[in-house]
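Biologist: I should like a close look at a single part of this model. Please take one buried, charged residue and describe its setting, and then follow its contacts outward into the rest of the chain.

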Amino acid sequence: MRISISAIALISSCVVHAFVPSPSRADPNAGAAGGFLLRSGVILRSTVEEEDVAAAVPNVEAVAAAIDAIDSTQEDSSSFGDAEAVKPGMAENAKFQCDDSVEFWQSFQLHEYATAQENLRELGNIGARFAQMGPEALSYWLRHVGRSGYFGVNALLGNASFQLHERLVNNKETTFTGLLPFNMESAVASRLFLEAALCFEQDYAKIKDEEYREPWDMKPGHRQSSPINVATQTSQFISEAIGTLGRRTRGEQKDKDIWITDRASPSLYPDYYRTAFHYQTDGWMSKKSADVYETSTETLFLGRQDSMQRTSLPALVAQSKKLAGDERPMKVLEVAAGTGRFMTFVRDNLPLDTEYAAVDLSPYYLDAARANDAYWRKTRREEENRNGGNTSMGRDDIKPARLIQAQAENLPFEDESFDAVVCVYLYHELPREVRAKVSAEMARVLRQDGTLVFTDSIQLGDRPALDEGLERFEGMNEPYYIDYCADDLPAHFEKVGLEPLTKTLRSTTKSLAFLKPICEVGDCEV
């Protein structure tokens, strides 16, 4: 069951535009320069009488004192205007070893959004820093900026096509009349591109520090750079954009239904799954949805989604190094693997004999995952040959991933079957009680001394500047998103015996790593 932040055509622009506070929310004393300054501590914000109540909490100690109250206040914290509740994105910081990115993104343009000119100036500064690092860094930068440009063009084309379709076919005028999607202001558009660039800079820093490999799909000859592939993906995206935006504009029940609605349908598909999340075609249950998914989500994030998901990699790579002396191969499970694109990045960073299993509820997305896995294995084998790798290992010796249709809350594996479990972009589309069940299942199949990596949308407090707009995402047919934003995520894993390790933020994505401790028989019961 691949549940992602969005596969909406063009919703990228709408969602982030919705995040922009009203003018009354800006801090008049922050100053224009405040947009790029980092500030220590974390911030509590309130919407009391539309005023900012900003209270700097001095790092871990002050936050830790509030954590004990989380369980009792969690229901109240679902109110986005509650100043008394400690936001989960801030409260959890005391439990984890936080990467520098946590403070960076919590402070990014916190008190006042920068102008378009300031955003573009910082974009230029980032490009200059890449150029100063040498040809490899510059190549990374140019390829990723090129991808962002492509997805930006997709957004413009999708917006224009939807408007044209409404006028010519439905004889209706849309409320989106400007060149930029959703009447977006230039400051918002430039901030989106700046966030993408900052993600690329943080991503490359991890690559340079050898925490994970350079993205395999950025190398010359990859199919995504083929003009035919580019044209095909853009065509599919435009078609999906017209349908998605039309359904979102109407917002009727029929626009949320998918073809699996009959109670007599297989019980494999829970009720929460039977909706067209994000108003995309057939939700997760069609080939058309799976075919356009990767292009849609990267258009949503202007090309930064891969980078955000790669925050999952350091903990997985560290686990593989911990097992380097073992004679047996590492075993990894991905829950809600979707089209398998992220799976290829994980596999590319682990030993080639790693045994990889992936589950998803959609047979259409599993088909796409199978194709992605086969293409990665072919490409990686060719790389090994060019670089003088283990020439005795044929392509077929890099085992295909085991792809299994299954519910995340009912995993078909024995206890302690895997050295690492990873789950990306699932929990925000689950009811809270199902999140608890999935957490228990992932902990159950994880071996002692194993690592669990959870990656999903930011929550309240992870980026205080965006808190006010997070609730609007529910309007994209995201029925569980508001509850997700207020949920105490670490508690789900701690209750089943896991211990918090690290936390990383990258733009609108967070990654949390947990350890399953080694214990004597009976000592680890929860």
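Modeller: The account below begins with one arginine and then moves to the sheet and the core.

The model is a predicted one. The residue in question is Arg304, which sits in the loop that separates helix H11 (287–300) from helix H12 (305–309). Arg304 is buried, yet it makes no salt bridge. Why does Arg304 have no salt bridge, given the position of Glu195? The nearest side chain of opposite charge belongs to Glu195, and it is 4.2 Å away; a salt bridge requires a side-chain nitrogen within 4 Å of a carboxyl oxygen, so this pair does not qualify. The side chain of Arg304 does make a polar contact, of 2.9 Å, with the side chain of Ser507.

Beyond its neighbours within four places in sequence, Arg304 is in contact with Leu192, Glu195, Ala196, Cys199, Phe200, Glu298, Ser507 and Thr508. Two elements provide a way outward from this list: helix H8, which spans residues 186–208, and the hairpin of E9 and E10.

The hairpin may be taken next. Two residues lie between strands E9 and E10, and Ser507 adopts a positive phi near 60° there. Strand E9 (residues 499–506) and strand E10 (residues 509–515) run antiparallel and are joined by seven bridges. Within this pairing, Pro500 stands opposite Phe514. E9 also pairs with E3, in the parallel sense and over two bridges, and Cys98 has Lys503 of E9 as its bridge partner.

These strands belong to an open sheet of eight, ordered E3-E9-E10-E8-E7-E4-E5-E6, with mixed pairing. Strand E3 (97–98) and strand E6 (402–405) are its edges, each pairing on one side only. Further along the order, strand E7 (residues 418–424) and strand E8 (residues 446–457) run parallel, with six bridges between them; one of the residues involved is Cys423, whose bridge partner in E8 is Phe454.

Helix H13 (residues 313–322) is packed on several of these strands. Its buried residues are Leu313, Ala315, Leu316, Val317, Gln319 and Ser320, and they pack against E7, E8 and E10 as well as helix H14 (341–348).

The nonpolar core completes the setting. In soluble globular proteins, nonpolar side chains tend to be buried together. Here the largest nonpolar core numbers 105 residues, and Leu333, Val335, Tyr427 and Met442 have the most contacts inside it. Helix H8 (residues 186–208) gives the most to this core, contributing eight residues. Val335 illustrates the packing: apart from residues up to four places away in sequence, it touches Val359, Ala408, Leu411, Val421, Val422, Cys423, Val424, Leu426 and Met442. Cys423 thus appears both among the contacts of Val335 and in the bridge to Phe454 in E8.

Some figures for the whole chain place this part in context. The secondary structure comprises 19 helices and 10 strands, and 57% of the 526 residues are buried. Of the contacts with a separation of 6 or more, 79% are between residues 24 or more positions apart.

Technical notes. Residues are numbered from 1 along each chain as its sequence is written. This is a predicted model: local features need pLDDT of at least 70, side-chain atom pairs count only at pLDDT 80 or more; totals for chains, interfaces and linings use all residues. Side-chain values use heavy atoms; hydrogens and water are left out. Helices (H or I, at least four residues) and strands (E, at least two) are DSSP runs, numbered from the N terminus. Buried means under 20% relative accessible area, exposed over 50%, partly exposed in between (1.4 Å probe, protein chains only). Lys and Arg count as positive and Asp and Glu as negative; His and the chain ends are not counted. A polar contact is a pair of N or O atoms within 3.5 Å; within protein, one must be able to donate a hydrogen and the other to accept it, and residues adjacent in sequence count only if both atoms are side-chain atoms. Contact means heavy atoms within 4.5 Å. A nonpolar core is a set of buried Ala, Val, Leu, Ile, Met, Phe, Trp, Tyr and Cys residues joined through side-chain atoms within 4.5 Å. Two strands pair if DSSP finds at least two bridges between them.
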